[in-house]
Amino acid sequence: MQENLPEYPLRVYNTLTKAKEPFRTLAPGKVGMYLCGPTVYAEAHIGHMVGPVIFDTVKRYLNYCGYEVTWVVNITDVDDKLIVRSREKGISMFQLATQMTADYMSNLQALGVDQIDRMPRATDSIGDIIRFVQELIDKGFAYASDGDVFFDVTKDPQYGCLSNRSAEDQQGEGGGAASRKRSAGDFALWKSAKPGEPSWPSPWGQGRPGWHIECSAMSRSILGQTFDIHGGGLDLVFPHHENELAQSRCCHSKPMVTYWMHNGLMRASNAAGKVGGKGDRDQGESASDVSGKISRSKGAGGLATLIAKHTGERIRFFLLRTHYRSTSVFGDEPLAEAGAALETFYRLFDRASKILGVSVYDIPHATRRSDFQSPVTPPALLVELLGLRDSFLSKMDDDFNTGGATADLFEMARSLNRFIDQSKLEDSSDESSREALRLGVSILREMSSLLGIFRKPVALTTDQSDSTKALGGLMELVIHLRAEARAKRDFATSDAIRDGLKEIGIAIQDGKNGTSWEIAK
RNA sequence: GGCUCCGUAGCCAAGUGGCUAAGGCAGCGGAUUGCAAAUCCGCCAUGCGUGGGUUCAACUCCCACCGGAGCCUCCA
């Protein structure tokens, strides 16, 4: 029954073992994957998108390799910060959560994250959570204390295995809760409600879930007691994932997760706009141009602005150009650079579309690794691209090295452009060369689809507003007049037109087959 | 203080115990162009923070040091 299992040399870095391990699923051909989603008390910032983008890519790749993946991202919609923030705004916690969830979803969409299967909310899972807490009490791993319930870290000899720390070293949450805990490292599973706070009835009185328990409860109800991949930001390793892991392992007497994957954190360059916090108070000198980790508590935000300015695809490409485990600094400059790099591909697609008489976005490509079939006697161009395809896939096999893989994408573009130049495809119509180009482009598209980029044309042509149509007509006219000037070798006039347009923000290019224009970015 | 991680060309960045250390941005030279732009070709780290060590061989492993980041409290 497991004859057609995927057999690719995938390796995944596991935070638990601190090593890359061969990828083996619990059930043949199936993958359960859980990513810790946002606490929806404020607008998302770019840091919140790193996990979704990389795991979206992971799922695409696993699908491509033949796995059937169930990907869960939770929404934490009950927590202290939600309570505080909603009071400040004078709305209910649920209203705030609804608003911020909508914000999060629109950001996901803008970045092309569309592979998520389930997005459970903590408040929809209260029953599961209470059941989980009760099981932990029954098994002696947790205790109720004056309306709160705490996990007893001393009952778990393996506590600390993920983040490599000992229970004794933990200071834990301070404040009023400390007095009700047996040891400092104990953490809350259930918090009693103060008057006026949102709460649910439980065997321990009115209250709400602690932070970590929801993930244990929701992952269990959707993915089971043990599943394949659990992800999140590096900052969640401790205490969040450590605690989650402890709860679930103790409750079920079996491992919670096979592979723990953690993405690096974003940092903001100060120049890009005050997103970070602590580096900002410079004394008018050039101390450091980079601030620390971005976070909401330091006033980070503006993802919607960032998307409007740079487009979601550009941000996605920027995130995928570096290794997911490394920290990277974002800002206008790096984002603009990613955009400049992307232009190469857009121009190539435009070029190829014109030659082939069909949008390259409509050219079919393999969607399964095993589906790909190379021609029996591939022309030289294809031999080149097939080699790059192998290279790309081997990088992806190695812990989803998207940063390394993008190099092959650029090489593919170069190869394709060179082919068009050398075979003078824009002037001739050699059918076999066009077929080679078509296949070559489909390979590039096959690889880029794994990264979730170049999914649809970026051209403004979908915008059919009157002003857009008028602009198109106007440009046609201007280009026509300029062509007449050029034909008369009146270059003073033609150059004046080009320079004038450039000042307005329109760039024109003279090609072999006429003049094209674009709105300069 | 404890626990992690990082330091590769002007900038960003992948990677490896031993072939020419990916790729991008910027720059330079050439082809092409009326000139540009785009595209293609070529150049751009005898060296991968510093100092030791292991090894036939290290940028890659070990130690120390310097510099940077994260976690130990909420955080993607």
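## The overall picture

Take the contacts in chain A between residues at least 6 apart in sequence: 69% of them join residues at least 24 apart. Keep in mind as you look around that this is a predicted model. Chain A is built with 14 helices and 15 strands, and its C-alpha trace spans about 90 × 60 × 45 Å along the principal axes. Of its 521 residues, 39% count as buried.

## Three domains, and where two of them touch

The domain assignment splits out domain 1 (11-266), domain 2 (335-451) and domain 3 (460-519) in chain A. Measure from C-alpha centre to C-alpha centre, and domain 1 and domain 2 are 40 Å apart. Their contact takes eleven residues from domain 1 and twelve residues from domain 2.

Let's look at the domain 1 side of that contact. The elements giving two or more residues there are strand 1 (11-14) and helix 1. Helix 1 has the largest share, with five residues. By class, this side of domain 1 has six nonpolar, two polar and three charged residues.

## The hairpin at strand 1

Strand 1 runs antiparallel to strand 2 (residues 19-22), and four bridges join the pair. One pairing to find on screen: Asn14 has Ala19, in strand 2, as its bridge partner. Between the two strands of this hairpin sit four residues, and Lys18 takes a positive phi near 55°.

## Around the RNA

RNA strand B is surrounded by 63 residues, and the closest are Gly47, Gly233, Gly292, Gly404 and Ala407. Quite a few elements give two or more residues to this surface, including helix 1 (47-64), strand 9 (227-233), helix 6 (237-252), strand 12 (290-293) and helix 9 (332-356). Helix 14 (491-504) and strand 14 (506-511) are also among them.

Which element gives the most to the surface near RNA strand B? That's helix 11, with eleven residues; you'll find this helix at 402-422. Sorted by class, the surface near the RNA has 18 nonpolar, 28 polar and 17 charged residues.

Helix 1 turns up twice in this tour: it gives residues to the surface near RNA strand B, and it also gives residues to the side of domain 1 that touches domain 2.

## A stop at Leu265

Leu265 is in the loop between strand 10 (257-263) and strand 11 (266-269). Why does Leu265 count as partly exposed? Because it has 17 C-beta neighbours inside 10 Å, while a buried residue needs 20 or more and an exposed one has 12 or fewer.

Leaving aside residues up to four places away in sequence, Leu265 touches Gly47, Gly233, Leu234, Asp235, Lys293 and Thr327. Two of these, Gly47 and Gly233, are also listed among the closest residues to RNA strand B. Glu313 is 48 residues from Leu265 along the chain, and their C-alpha atoms are separated by 19 Å.

## Helix 13, end to end

Helix 13 (residues 466-487) makes a neat check on helix length. At 1.5 Å a residue, its 22 residues should span 32 Å, and the end C-alpha atoms are indeed 32 Å apart, so the two agree.

How many of the 22 residues of helix 13 are buried? Just one, so to speak a hardly covered helix. Just after helix 13 comes Arg489, with a positive phi of about 55°.

Note on methods:
Residues are numbered from 1 along each chain as its sequence is written. Chains are lettered from A and ligands numbered from 1 in the order in which they are written. This is a predicted model: local features need pLDDT of at least 70, side-chain atom pairs count only at pLDDT 80 or more; totals for chains, interfaces and linings use all residues. A residue is near a molecule or strand if its C-beta atom, placed from the backbone, lies within 6 Å of it. Ala, Val, Leu, Ile, Met, Phe, Trp, Tyr, Cys and Pro count as nonpolar, Asp, Glu, Lys and Arg as charged, and the others, Gly among them, as polar. Two residues are in contact if their C-beta atoms, placed from the backbone, lie within 7 Å. The expected span of a helix is 1.5 Å times one less than its number of residues. Domain bounds come from an automatic or database domain assignment. Two strands pair if DSSP finds at least two bridges between them.
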